[in-house]
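Trainee: Please walk me through this one. Start with the basic terms.

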Amino acid sequence: MEDEYYSIDAILSENQKIQCAFKVDIPDMGHLEGGTERDIKAHSKVQLPLWLAFILIYSDYADFAVPAPFSARVRNALNAEARSVRLAALVGAGGLWYGFGKTVMRLCVLLFPSPSLSSCSPHAPRRLDDAPANEMSELLTKTFRSRLVEVIDQAQHFAALGPAGGGGQSGDAALGFREGLEATERELFSLAQESARSTKRWYEAADRGRR
């Protein structure tokens, strides 16, 4: 995490919350639960941003569970048809699903090496292997590759329509896919769209020059 200290994307990713279960009483920190209690009691479950959860977990004050955006249900849906999953709904508007996953992956491998992603917790057997990180990495990479072609295709399609057709829509599935793009994919969509427009302008200018 320290190598991305100045990365805005890393900051936003580390601001995503994970559920932590406290193993001990924490005095004078009850406000983190959003209630009126003065202290956090052992066994309390609190949603905390990753940047705060990291030091608590590392200090053995709390455990954590794999976040909902990477649950078994989500992983199964992505493996079945990655393009049908609305990643934006998993991390909120403007959220970085891939960045969040990368941060969780590093948290697992740095703190609690274990046989699989589903058992990535302090109670799992501790082994010096990269299985959880590899599983998360494979999920992120496979999802990205499965969705990238559709991102580029739709970006080029809307670039070809021009301003008059920019608001058009080519079907419910296509619309749902665009609405489900997370922040990294939206940025790629915009870049691909601008690239297609620039290429079109270049061809049109070259045609005029040959006349």
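Mentor: A residue is buried under 20% relative accessible area, exposed over 50%, and partly exposed in between (1.4 Å probe, protein chains only). Take Glu-194: its relative accessible area is 38%, so Glu-194 is partly exposed.

Trainee: Where does this model come from?

Mentor: This is a predicted model: local features need pLDDT of at least 70, side-chain atom pairs count only at pLDDT 80 or more, and totals for chains, interfaces and linings use all residues. Residues are numbered from 1 along each chain as its sequence is written, and side-chain values use heavy atoms, leaving out hydrogens and water.

Trainee: OK. How many helices and strands are in the protein chain?

Mentor: Eight helices and three strands. Both are DSSP runs, numbered from the N terminus: helices are H or I with at least four residues, strands are E with at least two. Along the sequence, the pattern reads α-β-β-α-β-α-α-α-α-α-α.

Trainee: And how much of the protein chain counts as buried?

Mentor: 38% of its 211 residues. For contrast, look at Ile-8 in helix H1, residues 8-14. Ile-8 has a relative accessible area of 57%, so Ile-8 is exposed.

Trainee: Strands next. Which side chains of E1 are buried?

Mentor: Strand E1 covers residues 17-22, and its side chains alternate. Ile-18, Cys-20 and Phe-22 point to one face and are buried. Lys-17, Gln-19 and Ala-21 point to the other face and are not buried.

Trainee: How many bridges are there between E1 and E2?

Mentor: Five, and the two strands pair in the antiparallel sense. Strands pair if DSSP finds at least two bridges between them. E2 spans residues 45-49, and Pro-49 in E2 stands opposite Lys-17.

Trainee: What about E1 and E3?

Mentor: They run antiparallel too, joined by three bridges. There, Asp-63 in E3 stands opposite Ala-21.

Trainee: Let's switch to charges. How many salt bridges are there?

Mentor: Seven. A salt bridge needs a side-chain nitrogen of Lys or Arg within 4 Å of a carboxyl oxygen of Asp or Glu. Start with Lys-23 and Asp-60, whose side chains meet at 2.5 Å, N to O.

Trainee: Where do Lys-23 and Asp-60 lie?

Mentor: Lys-23 is in the loop between E1 and E2. Asp-60 is in the loop between helix H2 (50-58) and E3. The two are 37 residues apart in sequence, so the pair ties those parts together.

Trainee: Is Lys-23 buried or exposed, or in between?

Mentor: In between: Lys-23 is partly exposed at 32% relative accessibility. Asp-60 is partly exposed as well, at 42%. There's a third partner here: Asp-63 joins Lys-23 and Asp-60 in a network of salt bridges.

Trainee: Give me another pair.

Mentor: Try Arg-83 and Glu-150, which form a salt bridge of 4.0 Å, N to O. This pair links distant parts of the chain, 67 residues apart. Arg-83 is in the loop between H3 and helix H4 (87-91), and Glu-150 is in helix H6, residues 131-165. Arg-83 is partly exposed at 40%, and Glu-150 is partly exposed at 22%.

Trainee: Which residue does Glu-194 meet in a salt bridge?

Mentor: Arg-201, at 3.0 Å, N to O. Arg-201 has a relative accessible area of 45%, so Arg-201 is partly exposed.

Trainee: New topic: rings. How many aromatic pairs are there?

Mentor: Six. Rings of Phe, Tyr and Trp (its six-membered ring) pair if their centres lie within 6.5 Å; planes under 30 degrees apart count as stacked, over 60 as edge-to-face and the rest as tilted.

Trainee: Why do Phe-70 and Phe-100 count as edge-to-face?

Mentor: Because their planes are at 65°; the ring centres are 5.4 Å apart. The pair links distant parts of the chain, 30 residues apart. Phe-70 sits in the loop between strand E3 (62-64) and helix H3 (72-81), while Phe-100 sits in helix H5, residues 97-111.

Trainee: What is the relative accessibility of Phe-70?

Mentor: 0%, so Phe-70 counts as buried. Phe-100 is buried too, with a relative accessible area of 1%.

Trainee: Last one. Which residues form the aromatic cluster?

Mentor: Phe-70, Trp-97, Tyr-98, Phe-100 and Phe-144 form one cluster.
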